[in-house]
Amino acid sequence: MVPALRYIRGACGPALGGFPGGFSASRPAPGRSWPLCQGGRPASTRSFDVVVIGGGIVGLASARALILRHPALSIGVLEKEKDLAIHQTGHNSGVIHSGIYYKPESLKAKLCVQGAALIYEYCKQKGISYKQCGKLIVAVEQEEIPRLQALYERGQQNGVQGLRLIQQEDIKKKEPYCRGEEVQCQYVVTCAGLYSDRISELSGCDPDPQIVPFRGDYLILKPEKCYLVKGNIYPVPDSRFPFLGVHFTPRMDGSIWLGPNAVLAFKREGYRPFDFSARDIMDVIIKSGLIKLVFQNFSYGVNEMYKACFLSATVKHLQKFIPEITVSDILRGPAGVRAQALDRDGNLIEDFVFDGGVGDIGNRILHVRNAPSPAATSSLAISGMIADEVQQRFKL
């Protein structure tokens, strides 16, 4: 039997077939109409055995995994926008991570390492171009060296391949213009066209944790200055936060992105600094521990906001790694919004979160509630886990 997969775009957009990632599509078996539109307007759709809500990389990978395992089922993908991958999926750096940053034995650590291997294989199978340019995690202060050593040990625990510590004299061999006290050299892949997914919160789930939007702004190095960066250059991350810090990222088109930062977004899909939604902000303040997070990390947040407003402040930070960079060498680039889970005590949830709902409708839903970076890298591994859970939970 030909697998049945259908993509419903927008609130009432036409159904489309032919998906990236090896999806095949055909018309699903006849059934009752499925009301997709708000405002009481019926959509011209059929019934489905399984519906995936969200047409980002995790949603599409999950639909792909389900259709490959259960070709007799009709599967629908619902996306509120007119195209796929509009939000978190389409607004990140495109780096495939190796799994070095994440707590050992966590889902992030396991699924990132597995997912990276799966994506390398997928790229080769599908003929997707990628560039293996390497990564340097750079300590620019003496006080960062113990944290770098701890990060190296964490990477070993997570099974990351190709890790080694190098000293100052070796830095120039990798990055001639980069400066640092000590560097951890790690080879990863930068891949075009593979991104991370946005979370969808669905009815019937526990209200804790809540999703808080953080905006990440990128800068772009002018073309005439791209010679300054050969590969990925990352700072030693602050262990208090699940953000990796502003880094240098070579893109497949030859450009160099600098960033992103991490500032609170005042709208769930607020990609511009002055995007604002009173409803979104009140929802976050009332239902999450945002106020506690702000007070616990006030100076950090103010510093991030300051750097977001003033390019000179960001450049001063970047000069710790490459002193030759000046304000005149950079341009403002795109931005993304990270859907980050936060508990009521103001703690950022570091791991992926998967759970089910309650009630007649809720217990028929599997929620993917916290899947920011490295969701893109982990997407094929996440989709396998979701397919396993769906099969067990719903007795497919």
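A residue is called buried when its relative accessible area is under 20%, exposed when that area is over 50%, and partly exposed in between. The structure described here is a predicted model, and this threshold is applied first to one of its charged residues. Asp 283 has a relative accessibility of 18%, and because this value falls under the 20% limit, the residue counts as buried. Its partner in a salt bridge is Arg 268, and the closest N and O atoms of the two residues are 2.3 Å apart. Asp 283 belongs to helix α5 (residues 278–287), while Arg 268 lies in the loop between β15 (263–264) and α5, so the salt bridge ties together parts of the chain that are 15 residues apart in sequence. Salt bridges with shared partners extend this arrangement into one network that joins Arg 268, Asp 280, Asp 283 and Lys 287. Arg 268, at 31% relative accessibility, counts as partly exposed.

Side chains of opposite charge can pair when their charged atoms come close. In the model as a whole, 16 salt bridges are found, and two further examples illustrate how the partners may be placed along the chain. In the salt bridge between Asp 388 and Arg 69, the closest N and O atoms are 2.4 Å apart. This pair links distant parts of the chain, since Asp 388 is in helix α10 and Arg 69 is in helix α1, 319 residues apart. Both partners count as partly exposed, with a relative accessibility of 43% for Asp 388 and of 37% for Arg 69. In the salt bridge between Lys 173 and Asp 170, the closest N and O atoms are 3.5 Å apart. Here both residues lie in helix α4 (residues 168–174), where a separation of three residues corresponds to about one turn of the helix. Lys 173 is exposed, with a relative accessible area of 67%, whereas Asp 170 is partly exposed, with a value of 23%.

The nonpolar interior can be considered next. In soluble globular proteins, nonpolar side chains tend to be buried together. The largest nonpolar core of this model contains 23 residues, of which Val 58, Leu 66, Ile 75, Ile 382 and Ile 386 touch the most other members. Two or more residues are given to this core by each of the elements β3 (50–53), α1 (57–69), β4 (74–79), β18 (366–370) and α10 (375–394). The largest share, seven residues, comes from α1. When neighbours within four places in sequence are left aside, Leu 66 is in contact with Val 50, Val 52, Ile 75, Ala 387 and Val 390. A second, separate core of 22 residues includes Val 138, Leu 258, Leu 318 and Ile 322.

Val 138 also has a place in the pairing of strands, where this residue stands opposite Pro 235 in β12. Strand β7 (residues 135–139) and β12 pair in the parallel sense, over four bridges. Both faces of β12 are covered, for Asn 232 and Tyr 234 on one side and Ile 233 and Pro 235 on the other are all buried. Tyr 234 is, in addition, linked by ring pairs with Tyr 101 and Tyr 102 into a cluster. Lys 135 lies over the face of Tyr 234, at 4.2 Å from the ring centre.

Aromatic pairs number seven in total. Tyr 177 and Tyr 227 form a pair that is edge-to-face, with a distance of 5.5 Å centre to centre and an angle of 75° between the planes. Tyr 177 lies in the loop between α4 and β9 (182–186), and Tyr 227 in the loop between β11 (210–221) and β12 (232–235), so the pair ties together parts that are 50 residues apart in sequence. Both rings belong to partly exposed residues, with 26% relative accessibility for Tyr 177 and a relative accessible area of 40% for Tyr 227. The pair of Tyr 218 and Trp 257 is tilted, because the ring centres are 4.9 Å apart and the planes stand at 50°. This pair again links distant parts of the chain, with Tyr 218 in strand β11 and Trp 257 in strand β14 (residues 256–259), 39 residues apart. Tyr 218 is buried, with a relative accessible area of 6%, and Trp 257 is likewise buried, with a relative accessible area of 13%. The charged end of Arg 251 sits over the ring of Trp 257, 3.9 Å from the centre of that ring.

Note on methods
Residues numbered from 1 in each chain as written. Predicted model: local features only at pLDDT ≥ 70, side-chain atom pairs only at ≥ 80, totals over all residues. Heavy atoms only, no water. Core = buried A, V, L, I, M, F, W, Y, C linked by side-chain atoms within 4.5 Å. Buried < 20%, exposed > 50% of the residue type's maximum accessible area, 1.4 Å probe, protein only. Contact = heavy atoms within 4.5 Å. Salt bridge = Lys/Arg side-chain N within 4 Å of Asp/Glu carboxyl O. Phe/Tyr/Trp six-rings, centres within 6.5 Å; stacked < 30°, edge-to-face > 60°. Lys NZ or Arg CZ within 6 Å of the ring centre and 35° of its normal. Pairing = 2+ DSSP bridges.
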